[in-house]
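Student: Could we go through this one together? I'd like to start with a single residue and then move on to the core.

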Amino acid sequence: MFRIRESFPDADTVYLWFDGRLSEDVLDTAQELVQRYISEEKKIIINLSNLIHVGWAGKHFFSQIRDQVVLEDQPEYMKNLI
């Protein structure tokens, strides 16, 4: 199961929590949401502390967006991969 929670600390910032298993099956949803906020020129903070699994495609996605977003609280298993 994968879940995205959103909050808006101010008009220019979106804070996202990615929870659960980020597999290829749900990756499109995460990509579309992040791309929407990038196109709106929002500051994007993604908290990864509750991710228990990230597939290869998800790791590739994070490596592609890491210069456009802030990746916060990466799990140990991801720190050397992104």
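Tutor: We will take one residue, then the strands around it, then the nonpolar core, bearing in mind that this is a predicted model.

Student: Okay, where does Thr 13 lie?

Tutor: Thr 13 lies in strand E2, which covers residues 13-22.

Student: And is Thr 13 buried or exposed?

Tutor: Thr 13 counts as buried, because its relative accessibility is 9%, under the 20% that sets the limit for that class.

Student: What does its side chain, that of Thr 13, make a polar contact with?

Tutor: The side chain of Thr 13 is joined to that of Asp 10 by a polar contact of 2.9 Å. If neighbours within four places in sequence are left aside, Thr 13 is in contact with Ser 7, Phe 8, Lys 42, Lys 43 and Ile 45.

Student: How do E1 and E2 pair?

Tutor: Strand E1, residues 2-10, pairs with E2 in the antiparallel sense over 7 bridges, and the two form a hairpin with 2 residues between them. Within this pairing, Arg 5 stands opposite Trp 17 in E2.

Student: Switching topic: how many residues has the largest nonpolar core?

Tutor: The largest nonpolar core has 23 residues, and those with the most contacts inside it include Leu 16, Val 34 and Phe 62. E2, helix H1 (24-39), strand E3 (43-47), strand E4 (51-54) and helix H2 (56-65) each supply at least two residues of this core, and H1 gives the most, with 6 residues.

Student: And which residues is Val 34 in contact with?

Tutor: Leaving aside neighbours within four places in sequence, Val 34 is in contact with Leu 16, Phe 18, Ile 44, Ile 46, Phe 61, Ile 65 and Val 69.

Methods
Residues are numbered from 1 along each chain as its sequence is written. This is a predicted model: local features need pLDDT of at least 70, side-chain atom pairs count only at pLDDT 80 or more; totals for chains, interfaces and linings use all residues. Side-chain values use heavy atoms; hydrogens and water are left out. Helices (H or I, at least four residues) and strands (E, at least two) are DSSP runs, numbered from the N terminus. Buried means under 20% relative accessible area, exposed over 50%, partly exposed in between (1.4 Å probe, protein chains only). A polar contact is a pair of N or O atoms within 3.5 Å; within protein, one must be able to donate a hydrogen and the other to accept it, and residues adjacent in sequence count only if both atoms are side-chain atoms. Contact means heavy atoms within 4.5 Å. Two strands pair if DSSP finds at least two bridges between them. A nonpolar core is a set of buried Ala, Val, Leu, Ile, Met, Phe, Trp, Tyr and Cys residues joined through side-chain atoms within 4.5 Å.
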